[in-house]
Amino acid sequence: MAESPAKALRRILDSPGVHLGPACFDALSAKLVERAGFGYCFTSGFSISAARLGLPDVGLISYGEMLDQGRQIIQAVSIPVIADGDNGYGNAMNVKRTVRDAIRAGFAGIFLEDQVSPKACGHTRGRKVVPREEAVMRIKAAIDARTESGSDIVIIARTDSRQAVSFDESLWRSQAFADAGAEVLFIDALASKEEMKAFCEIAPSVPKMANMLEGGGKTPILNPTELEDVGFKIVVYPLSLMGVSILAMQNALTTIKSGQIPSHGSIPTFEEIKEIVGFNSYYEEEKRYATSTHQVSSQNVPLVWAKSDGLVLLRTWG
């Protein structure tokens, strides 16, 4: 029997070292993550909102759109995928529905945050969080949804209170989330290596997640060895794939506008593109269902007769 996505993710969390997981935003980017040899990946609400809607991650993308995009990603790969569950799309009851549907979709894990609605993207201005009790109840609701579904999906608790309130508040909430049953903890927008160390010291038995926001976020960028030394277990790189895609497309469009095509080396060959998207594997599988070539004779072409009473009769001549 095949290993469930959640069990595969739990095996990663139980294994030594720190584990890197780039964030994807569609089926193709997820396939590239898997082809590169990563053991799991995240979905990025920021990047999905940008790719699917061309809009910022400020709560405009809907629950249904995120779930649909997630299903497409999961179906494209065999590695575990962690869902960006945002703030659960409402109160504790909404969180339960969000978790249940993530389980049905096949997600290995889901992280849920304590922001109000509409939410704001991490490392941006305007973030506000719900009161402590409501934040904890969201995590309890997520645990209940998992238990009631008979699932082992990994519940990752995120707090945005570091930026919205204070560092001390984010530590308090993280400990409370661990006490409520969260299996991975995540404080967004930690502002120094010292804060990162202090975070990893609370609830020492619960794995910690680091967010290495590329291009100028609030959290210091540490290399994997440094992150492991601090105490992190899993690491997300949320914007690398979206960022390089934007730059590559802008460069290609500039080149095309000048009357040229992107140079060899800045674009894969047609054969390479076909291999990446799956043409070759499709052709191999297609051979299993090949039939002998059969030409339909003109003497066996079906003719349609329309009767005057409106009935249509199909008759074959030959």
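A pocket, on a 1 Å grid over the protein atoms alone, is an open set of points where a 1.4 Å probe fits, with protein on both sides within 12 Å along at least five of seven lines; a cavity is a set of such points from which the probe cannot get out, and lining residues have an atom within 4 Å of a point. Grid points are joined across faces, edges and corners, and a volume is the space filled by probe spheres set on the points.

The model is predicted: local features need pLDDT of at least 70, side-chain atom pairs count only at pLDDT 80 or more, and totals for chains, interfaces and linings use all residues. Residues are numbered from 1 along each chain as its sequence is written, and side-chain values use heavy atoms, with hydrogens and water left out.

**Exercise 1. Describe the largest pocket and its lining.**

Step 1. The volume of the largest pocket is about 670 Å³.

Step 2. Its lining has 22 residues, and Leu 32, Ser 245, Ala 248, Ser 266 and Pro 268 are the closest to the centre.

Step 3. Helices (H or I, at least four residues) and strands (E, at least two) are DSSP runs, numbered from the N terminus. Two or more lining residues come from each of helix H2 (27-35), helix H11 (240-257) and helix H12 (270-277). H11 gives the most, with nine residues.

Step 4. For classes, Ala, Val, Leu, Ile, Met, Phe, Trp, Tyr, Cys and Pro count as nonpolar, Asp, Glu, Lys and Arg as charged, and the others, Gly among them, as polar. The pocket lining divides into 15 nonpolar, six polar and one charged.

**Exercise 2. State how many cavities of 30 Å³ or more there are, and describe the largest.**

Step 1. The count is three cavities of 30 Å³ or more.

Step 2. The largest cavity holds about 120 Å³ of space. It is lined by 14 residues, with Met 66, Leu 67, Ala 83, Asp 84 and Phe 107 nearest its centre.

Step 3. Helix H4 (63-76), strand E3 (81-84) and helix H5 (92-105) each supply at least two residues of this lining. H4 has the largest share, four residues.

Step 4. The lining of the largest cavity has nine nonpolar, four polar and one charged residues.

**Exercise 3. Find the elements that line the second largest cavity, and look at Ala 189.**

Step 1. The second largest cavity holds about 50 Å³ of space. Strand E6 (184-187) and strand E7 (209-211) are the elements that give two or more residues to its lining. The largest share, three residues, comes from E7.

Step 2. Ala 189 is one of the lining residues of this cavity. Ala 189 sits in the loop between E6 and helix H9 (193-201). Its phi is positive, about 65 degrees, although Ala 189 is not a glycine.

Step 3. For background, most residues other than glycine have a negative phi, and most peptide bonds are trans.

**Exercise 4. Locate the cis peptide bond that involves Pro 118.**

Step 1. The bond joins Ser 117 and Pro 118, and omega is about -5 degrees.

Step 2. Pro 118 belongs to the loop between strand E4 (109-112) and H6.

**Exercise 5. Describe how H4 packs against H3 and H2.**

Step 1. Axes are lines fitted to C-alpha atoms, for helices over the stretch in contact, and angles run from 0 to 180 degrees between N-to-C directions. Helix H3 (residues 45-53) and H4 pack at about 95 degrees, with their axes 11 Å apart. H3 is therefore roughly perpendicular to H4. Angles of 65 to 115 degrees count as roughly perpendicular, under 35 as roughly parallel, over 145 as roughly antiparallel and the rest as oblique.

Step 2. The axes of H2 and H4 come within 8 Å and cross at roughly 35 degrees. H2 passes H4 in a right-handed crossing; a crossing is right-handed if the near helix is turned clockwise from the far one by less than a right angle, and left-handed if anticlockwise.

Step 3. Contact means heavy atoms within 4.5 Å. Ala 27, Ala 30, Lys 31 and Glu 34 in H2 meet Gln 72, Ile 73 and Ala 76 in H4. This contact divides into four nonpolar, one polar and two charged residues.

**Exercise 6. Decide whether H5 is oblique or roughly parallel to H6.**

Step 1. The axes of H5 and helix H6 (residues 132-149) come within 8 Å and cross at roughly 40 degrees. That angle makes H5 oblique to H6.

Step 2. The crossing of H5 over H6 is right-handed.
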